[in-house]
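Please open the model in a viewer and keep the sequence panel visible. The tour below proceeds by selection, and each stop states what is to be found there.

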Amino acid sequence: MLMDFNTRNGTCAGKNYSLVVLAFILLLQHHLYTLVEATSKVHIVYLGEKKHDDPASTKKFHHKILTNLLGSKEAAYSSILYSYKHGFSGFAARLTESQAETIAEFPGVVQVIPNRIHKLHTTRSWDFIGIHQHSPENHLTRSMGKGTIIGVIDSGVWPESESFKDEGMDPIPSHWKGICQQGELFNSTNCNKKLIGARWFVKGALDESKTPINKTEGEDFLSPRDGIGHGTHTASTAAGYFVKRANYTGLASGLARGGAPLAHLAIYKACWSNRGCTDADILKAFDKAIHDGVDILSVSVGNEIPLFSYVDLRDTIAIGSFHATMKGITVVCSAGNDGPISQTIVNTAPWLITVAATKIDRAFPAAITLGNNQTLWGQSIDIEKHHHGFAGLTYSERIAIDPTDDSAKDCQPGSLNATLASGKIVLCFSISDEQDIVSASATVKKAGGIGLIYAQFPNDGLEPCKIPCIKVDYEVGTQILVYIRKARYPIAKLSDPITVVGKWVSPQVATFSSRGPSSMTPAVLKPDIAAPGVDIIAAFRPHEKKQSNGYALLSGTSMACPHVTGIVALIKSVHQDWSPAAIKSALVTTASQTGTDGTSISAEGPTRKEADPFDIGGGQVDPNKAMDPGLIYNATADDYIQFLCSLGYNSASLTRLTKTTINCIRKTDAMNLNLPSIAIPNLKKTATVRRTVTNVGNINSKYKAVVQAPRGLQMTVEPQTLSFNITTQILSYKVTFFSTQKMNGDYKFGSLTWTDGEHLVRSPIAVRVTRFESYTDV
């Protein structure tokens, strides 16, 4: 019997008491649920290859696993974000740390991966690398990528751009299974025979930020529509259609086109304004792209820092690309923008094509005229807003709010005295990675300045400023500073930039381009190849008047990546049966190491040096030669699996990865993966590397080995001649390296080239000796 209690007279009221207890329990449950929500985080439960061909069965299997973990179907459904059920098996769900640790021990689970945020690696260039306008004698320009489908995992697309019109396009390939997913300001009419599909993935980004997309401020669009411009730029670089008189505020004017203008495009938006690209969204983009039937994937995305320089089964780009590659999809990725420091390279899985960035032979010089009639030169892309008369010129440290604070030297926010800066052109010197020319121009403008001269080394890439600005190197900056200190009333005039082509030695490796070696898997030489990535003009979101015609100049390995993607489409349209490994081999072994002046390609950094394989891989991409490489280095799924075995993964985990029985007992060496390059990170006294080549040239041909041994090493090749005929089209050889003298452990570089008199099949080589004795009896 319930007792009723009345606080006023000591009597009981059982019904009221029960309601109070029930309310307390519900409140406690709410707090506990809120606490779990607050402590939970999206994790990716990766299950490897699919067990079921039916996607519905795979999804049901995922819910069953989550139900077993969380205790109810309701909890499982509310926890899951994505089910990966097309290209591979896995799911993304909100889990606490303890739940993530528990599910990691479940049978069949390959790895549990916390949801991390990746960043985007933000006309003339095609002519520069040898792809000219249509020529009937040229395989590259004759095919123009016809029949291939390029998938772009990026920030979306601006479908109205002229670069995506479908004039002259063939019908959509019959193997295409994708859709044109609707959303904010985007529907099925935005797709056509050029832009054949588009999808968007935002669940991971929303969960990571815990805040909705701010539509009122135009942050982004909940659809495939590009809110940043980055994805539009990369997609049009790879496969944009011909657009006459494309330009950026009058600069770089000409015929804009992608590398494969007749290839079809499929857009996978997984990157969001101010939110980056999360693992959960990226992996779902890979999953859908594999299902939809793309032939090539372009991914200008990477880690903030190379936490996982290789797939230790926690790198979602490496995981997604592995399954894509196993299904014949070539995946091209950017190398990262954290150079010139070594070991900063990302996207280093051996099945990827990893692209470094170089400069082309185009520049935008702008004159600075000083009061003493001296004219100095810098570069700018700010046109029609420069003051054509003279104005006062000052140095930022002279107008600092606090003279003892170095922040004024590079014009950091709030560092300049508005009274002293008003109406003047300000000279600033870059002294930290945290500040750039755009931020400095905002500081000068806020202080009342009317122009900026920004001294920086190296001088990679240009960006539009808040006020007229010109970027100069330190030498020119110092000359201007000397003038300021000598003149009683220093003045200067900033002129508009112009477009100049062919006057600079190129290519040069951009300073920002991330460098090898890979810290986790140094036996895989990265990057693979280099391509134009500085001041590249392509389509862009037209949200500012200064970006006329919706085109912009951008720099980054993000811009280099789609150059190679377009070339891959050209090769694929002619050599439809070539594997991803064969295409990569063709690119690497035919690349150029020579600049326009006939000397070796240089790499910019604290000091300029001759570029080595950790800067450019095989070299600057040469699409014409890549179409006919002579020999290729092929690799199969089993080759990559045995490579993973050599890294220490056990048979059980790799069996779950592939859903086939894997035996790692056979002893393998990572150096023997059949790559078109050779890297030996720890040479003691001697090491032998084996490779196999396939003849894709003349049936009856003989190739001879040409050796350029790394300095201080001896190098032998057996056999020294490879003879191919109608019955023998695949041959193997071995290369043996000997250490002949004491060395400090630095990498030394060389090459091995096979030639039949017509083709040069060159493999870059990097070797580091870690034994310090001197050998004379090798």
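**Two cysteines without a bond**

Begin by selecting cysteine 561: its sulfur lies 6.1 Å from the closest cysteine sulfur, that of cysteine 333, which is too far for a bond. The model is a predicted one, and a disulfide is assigned here when two cysteine sulfur atoms are within 2.5 Å. Cysteine 561 is buried, with a relative accessible area of 0%. Select cysteine 333 next; this residue takes part in no disulfide. Cysteine 333 likewise counts as buried, at 0% relative accessibility.

**The disulfides**

How many disulfides does the rule give? The count comes to five. When the bonded cysteines are counted along the chain, the pattern reads 1-2, 3-4, 5-6, 7-8, 9-10. A disulfide is a covalent bond between the sulfur atoms of two cysteines. Three of these links are visited in turn.

*Cysteine 180 and cysteine 191.* Select both residues and display their side chains. A disulfide joins them, with a distance of 2.0 Å from S to S. The torsion about the S-S bond is about 85 degrees, so this disulfide is right-handed. Both cysteine 180 and cysteine 191 lie in the loop between β8 (149-154) and β9 (195-200), so the pair ties together parts that are 11 residues apart in sequence. Is this pair buried or exposed? Cysteine 180 is buried, with a relative accessible area of 17%, and cysteine 191 counts as buried at 15%.

*Cysteine 411 and cysteine 428.* Move on to this pair, whose sulfur atoms are 1.8 Å apart in a disulfide. The link is left-handed, with -60 degrees about the S-S bond. Cysteine 411 is found in the loop between β22 (391-395) and α11 (418-421), and cysteine 428 in strand β23 (residues 424-429), so the disulfide ties together parts that are 17 residues apart in sequence. Cysteine 411 counts as buried at 0% relative accessibility; for cysteine 428 the value is 0%, and this residue also counts as buried.

*Cysteine 645 and cysteine 664.* Now select the pair formed by these residues, which a disulfide joins at 1.9 Å from S to S. The torsion about the S-S bond is about -65 degrees, so the disulfide is left-handed. The link connects distant parts of the chain, 19 residues apart: cysteine 645 is in helix α18 (residues 637-646), while cysteine 664 is in the loop between α19 (651-658) and β35. Cysteine 645 is buried, with a relative accessible area of 11%. Cysteine 664 is buried as well, with a relative accessible area of 19%; the cut-off for this term is under 20%.

**From the last loop to a sheet**

The loop that holds cysteine 664 lies between α19 and β35, and strand β35 leads to the final stop. In what order do the strands of its sheet run? Five strands form an open sheet in the order β35-β42-β41-β37-β39, and their pairing is mixed. Select 678-683 and 721-724 to display the edge strands, β35 and β39, each of which pairs on one side only. From one strand to the next, the twist averages 20 degrees.

Finally, add strand β42 (residues 760-769) to the selection; β35 and β42 pair in the parallel sense over four bridges. To see a bridge in detail, select leucine 683, whose bridge partner in β42 is valine 769.

Methods: Residues are numbered from 1 along each chain as its sequence is written. This is a predicted model: local features need pLDDT of at least 70, side-chain atom pairs count only at pLDDT 80 or more; totals for chains, interfaces and linings use all residues. Side-chain values use heavy atoms; hydrogens and water are left out. Two strands pair if DSSP finds at least two bridges between them. Helices (H or I, at least four residues) and strands (E, at least two) are DSSP runs, numbered from the N terminus. Axes are lines fitted to C-alpha atoms, for helices over the stretch in contact, and angles run from 0 to 180 degrees between N-to-C directions. Buried means under 20% relative accessible area, exposed over 50%, partly exposed in between (1.4 Å probe, protein chains only).
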